[in-house]
Amino acid sequence: MKFDNWTVALAALGVVGLASAAKAEEQPSSVMTALASTTISGYVDTSAQWNLGTGNAYMPPFKFDAPSKADGFNLDVIQVRLEKPLDEAEWSAGYRIDLWAGPDANILGTQSVLSTGKSDFAIRQAYVALRAPVLNGLDFKIGVFDSLLGYESVESPNNPNYTRSYGHSIEPQTHTGLLASYRFNDLVSASVGIANTIGPAINSRAFAPVQVSNPYAESYKTYMGSVSVTAPQNFGFAAGSTLYAGIVNGFNNSLLGSGLGMPALSAYVGGTMATPITGLRVGAAWDLLNIDTKNPNPALFPGTNARADVWSLAGYTSYQATEKLSFHGRVEYVTGDIDEGFGTVGVGPFGRNNSIYAVTATAQYDLWKNVLSRVEFRWDHVEHGLAFGAADPNTGAPTRSNAFLLAANVIYKF
């Protein structure tokens with residue numbers, strides 16, 4: 001009987017015996033049978049950044065960026081995915097597990113309520129996938145899954161640009177709950193779901209003892225829904241264009257990473273359209289974060305009410321010049337309108353009742369197989385005052401109204 005190299009190595013270490021291995025070869029275990037349909041994939045995400053100017057105490061507040069990434073080489077994240085996708089069976093079942101390791105895993109923020117701290121490791125997604133034979137097939141996700149909202153993905157390789165938008169930064173990210181999806185036809189699909197909270201922390205709750213300062217009823221949950229429209233093939237050059245809208249409403253256990261939790265509403269409308277120019281696609285996205293609530297615990301958080309809106313508008317363009325070379329651009333405007341509460345800082349690190357303009361240009365050239373390589377230039381400008389750069393030695397305040405970033409991003413996908 002012929003044994004594979006892995007079995008021989010284990011036998012040499014005394015972990016298994018060749019006799020037992022031979023028996024296993026003759027009669028595969030149920031575990032091995034179940035794993036036969038599981039796929040392993042992922043990526044290693046690395047970058048180098050040059051933040052023009054001196055001092056990086058105050059960085060533009062888009063997601064997955066930090067002073068520790070400025071002016072140097074970085075390991076951003078390693079993702080490993082284990083997945084058994086749904087097949088064509090009427091009662092199909094599967095699962096997905098996305099594991100993150102590296103600095104970005106801490107920013108992900110999915111550490112469960114029982115976690116004692118950050119450790120460069122996080123569960124991004126972990127859910128059971130099910131299908132029920134209801135008409136065209138009703139699909140379910142049960143567990144931890146990405147939010148419905150957004151033009152950009154949590155996965156950097158899936159995005160047109162290396163850095164994230166402000167819209168992505170204010171969107172919900174991860175939920176623990178149940179999501180149902182149904183495709184009515186090739187044109188329209190929809191999803192509805194229920195989750196514990198809007199915030200990313202796994203197994204979080206909107207009530208005590210997890211949220212001691214926010215004593216909501218135990219029945220209080222987060223609700224979400226979305227609809228997607230895709231242009232059919234007979235739409236000519238516009239075939240494949242998409243329009244998407246979604247909403248999530250519930251308790252956010254940490255608004256924008258501030259640690260302050262309260263009910264919130266997030267909404268999104270976006271789309272991508274093909275053009276008559278071969279290889280050129282354009283897109284747009286509008287994101288809203290709304291808070292309008294009476295503070296449930298005025299003694300702990302001074303001020304009885306909190307009313308605020310943070311919204312962003314972004315435009316995207318992508319051009320596939322050759323098989324390997326592509327160009328991607330993004331322009332964005334984000335603003336925060338604070339009517340009441342939240343002190344003087346406001347919802348958003350860039351300040352109370354202020355705005356940011358951002359322009360991003362990316363060139364991607366896929367020279368090596370399985371490798372995504374791109375260079376990017378980004379300019380952020382705050383509308384009022386100073387928000388970026390080094391800390392003033394006397395006041396500790398930011399010193400610049402503009403932030404410039406030149407970055408290189410290399411990702412290996414497996």
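The questions and answers below go through side-chain contacts, cores, cavities and backbone angles in a predicted model.

Residues are numbered from 1 along each chain as its sequence is written, and side-chain values use heavy atoms, with hydrogens and water left out. Because the model is predicted, local features need pLDDT of at least 70 and side-chain atom pairs count only at pLDDT 80 or more, while totals for chains, interfaces and linings use all residues.

Reader: How many aromatic pairs does the structure hold?
Author: Rings of Phe, Tyr and Trp (its six-membered ring) are paired if their centres lie within 6.5 Å, and the planes count as stacked when under 30 degrees apart, as edge-to-face when over 60 and as tilted for the rest. By that rule the number of aromatic pairs in the structure is eleven.

Reader: Which parts of the chain does the pair of Phe64 and Trp100 tie together, and how far apart are they in sequence?
Author: Phe64 and Trp100 form a tilted pair, with 5.8 Å from centre to centre and 50° between the planes. Elements are DSSP runs numbered from the N terminus, helices being H or I with at least four residues and strands E with at least two. Phe64 lies in the loop between β1 (39-52) and β2 (72-84) and Trp100 in strand β3 (residues 93-101), so the pair ties together parts whose separation in sequence is 36 residues.

Reader: Is Tyr316, the partner of Tyr151, buried or exposed?
Author: Tyr151 and Tyr316 are stacked, 4.0 Å from centre to centre with 10° between the planes. Tyr151 lies in the loop between β5 (138-146) and α5 (166-170) and Tyr316 in strand β12 (residues 305-320), so this pair ties together parts that are 165 residues apart in sequence. Buried means under 20% relative accessible area and exposed over 50%, with partly exposed in between (1.4 Å probe, protein chains only). Tyr151, at 23%, counts as partly exposed, whereas Tyr316, with a relative accessible area of 6%, is buried.

Reader: Over the ring of which residue does the charged end of Arg378 sit?
Author: A charge is taken to sit over a ring if NZ of Lys or CZ of Arg is within 6 Å of the ring centre and within 35 degrees of the ring normal. The charged end of Arg378 is 3.7 Å from the centre of the ring in question, which belongs to Phe62.

Reader: Which residues are linked with Arg81 and Glu155 in a network of salt bridges?
Author: A salt bridge is a side-chain nitrogen of Lys or Arg within 4 Å of a carboxyl oxygen of Asp or Glu, and the whole structure has twelve of them. Glu155 and Arg81 meet at 2.4 Å, N to O; Glu155 lies in the loop between β5 and α5 and Arg81 in strand β2, so the pair ties together parts that are 74 residues apart in sequence. Glu155 counts as buried at 8% relative accessibility, and Arg81 likewise counts as buried at 11%. The network links these two with Asp98, Arg124 and Asp146.

Reader: What is the relative accessible area of Asp76, which forms a salt bridge with Lys69?
Author: The closest N and O atoms of Lys69 and Asp76 are 3.2 Å apart. Lys69 is buried, with a relative accessible area of 6%, and Asp76 is buried too, with a value of 1%.

Reader: Which element gives the largest share of the largest nonpolar core?
Author: A nonpolar core is a set of buried Ala, Val, Leu, Ile, Met, Phe, Trp, Tyr and Cys residues joined through side-chain atoms within 4.5 Å. The largest has 30 residues, of which Tyr166, Met224, Leu289, Ile291, Ile356 and Phe388 touch the most other members. Elements giving two or more residues to this core are β4 (121-132), α5, β10 (262-274), β11 (280-294), β12 and β14 (355-365). The largest share, four residues, comes from β12.

Reader: In which loop does Asn370 lie?
Author: Asn370 has a phi near 70°, a positive value in a residue other than glycine. Asn370 is also partly exposed, with a relative accessible area of 36%. Its place is the loop between β14 and β15.
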